[in-house]
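Hi,

Here is the structure I said I'd pass on. Have a look at it first, and then read on for what turned up.

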Amino acid sequence: MAAPFTLDTTTFTDEAKRLAKEELREEPEIVKAAIEELRALLKADDTIHFRDDDEFLMIFLRPCKFYAKSAHELMQRVAKFKNDQKALLDGLLPEQEKDSFINHNVVNVLKDRDHLGRRVLIVNVGKTWDTNAVDSDQLFKIFYLIHEAAMLEPETQVRGVVVIMDFNGMGMSQVKALSPAFSYKLLTFIQEAMPLRLKEVHMVKEPFVFNIVWALFKPLIKQKLKKRIFFHGSKMSSLQKHIPKTHLPKDYDGDLPTIDYTGADWYPAIETHIDHIKQWNTYGLTKK
């Protein structure tokens, strides 16, 4: 990558190609047939509107392992979710949440990928999160904008993403902000309408009050996601069984330097792709 927070929209390493072939069935003949089938499905479907060039269709085909019907269903769910949440997502642009990104360190992205080449997102929902400055709707918008950017990276499309939920110092203000409505919205997005491979979710530094939040989330979590959620408490050695010390910052007892950067440093990487985000805003259910 040219700079720590430059989205890499072109690189596709030999290792990623091997992984794509092994895990996603990504071989020339399968890819060609899947793109043609998905394009035909979209042409026959007048309920949704998306671009249909090869590069764009790959965003949906990769997480669906090149099964065109599944990719088409994912696109339908994305369109439905955008419509269901249009009060939040209609016309959403990075500049609208610029203050949240730059001045409030709620969501961060590690500079480097982990040992498996995955992007690592850190969500600070403990004492770092000032819920008066950034409410839960704004937190969701930040998630959504980040996913719009991440989907542009071929390496990330194949390798997937990892989320570290850091609950350090969580109090009742954060518990109240993580409401049933937010829980439903976030989990519906992750499980139904996110065209990215979510590989692992790690809960760290959870205090006792976390149990209140977990009681809201747990009933909504499907088995596939449940298998990918891990609880570590204050035991960073437990986290390091999944992400080795060599790829973790000192904040999590890793070998890398303490995190000294925030959304202020990587926000420009999202702004750089404003045209993609504006285009994404036009996709969804067909207007009648």
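Before anything else, please keep in mind that this is a predicted model.

I'll begin with the pockets. The second largest pocket has a volume of about 360 Å³. Fifteen residues line that pocket, and D90, N281, Y283, L285 and K287 are the ones closest to its centre. If you want to find the pocket by element, look for α4, α5 (86-89), α15 (274-282) and β7 (284-285), each of which gives two or more residues to the lining. Helix α4 has the largest share there, with three residues. By class, this lining has seven polar residues, four nonpolar and four charged.

Now for the largest pocket, which holds about 540 Å³ of space. Its lining is made up of 20 residues, and those nearest the centre are P63, Q191, L196, K224 and R228. Two or more lining residues come from each of α4 (68-84), α10 (180-192), β5 (198-204) and α12 (223-226). So which classes of residue make up the lining of the largest pocket? There are nine nonpolar and nine charged residues, plus two polar ones. You may have spotted that α4 turns up twice: α4 gives residues to the largest pocket and also to the second largest.

Strand β5 brings us to the sheet. Five strands form an open sheet with mixed pairing, in the order β2-β3-β4-β5-β6. At the edges sit β2 (107-109) and β6 (229-233), each with a pairing partner on one side only. From one strand to the next, the twist averages 20 degrees. If you'd like to zoom in on one pair, try β4 (residues 161-166) and β5: these strands run parallel and are joined by six bridges. A handy place to start is V161, which stands opposite L198 in β5.

Last, the chain as a whole. There are 15 helices and seven strands in the chain, and its C-alpha trace spans about 50 × 45 × 35 Å along the principal axes. How does the radius of gyration fit with a compact globule? A compact globule with 288 residues would have a value near 19 Å, and the chain has 19 Å, so the two agree. As for burial, 51% of the 288 residues count as buried, where buried means under 20% relative accessible area.

If you open the model, I'd start with D90, N281, Y283, L285 and K287 around the second largest pocket, then go over to P63, Q191, L196, K224 and R228 around the largest.

Cheers

Terms used. Residues numbered from 1 in each chain as written. Predicted model: local features only at pLDDT ≥ 70, side-chain atom pairs only at ≥ 80, totals over all residues. Heavy atoms only, no water. 1 Å grid on protein atoms, 1.4 Å probe; cavity = no way out; pocket = protein on both sides within 12 Å on 5 of 7 lines; lining within 4 Å. Points joined across faces, edges and corners; volume = space filled by probe spheres on them. Helix = DSSP H or I, 4+ residues; strand = E, 2+ residues; numbered from the N terminus. Nonpolar A, V, L, I, M, F, W, Y, C, P; charged D, E, K, R; others polar. Pairing = 2+ DSSP bridges. Axes fitted to C-alpha atoms, helices over the stretch in contact; angles between N-to-C directions. Rg over C-alpha atoms; globule rule 2.2 N^0.38 Å. Buried < 20%, exposed > 50% of the residue type's maximum accessible area, 1.4 Å probe, protein only.
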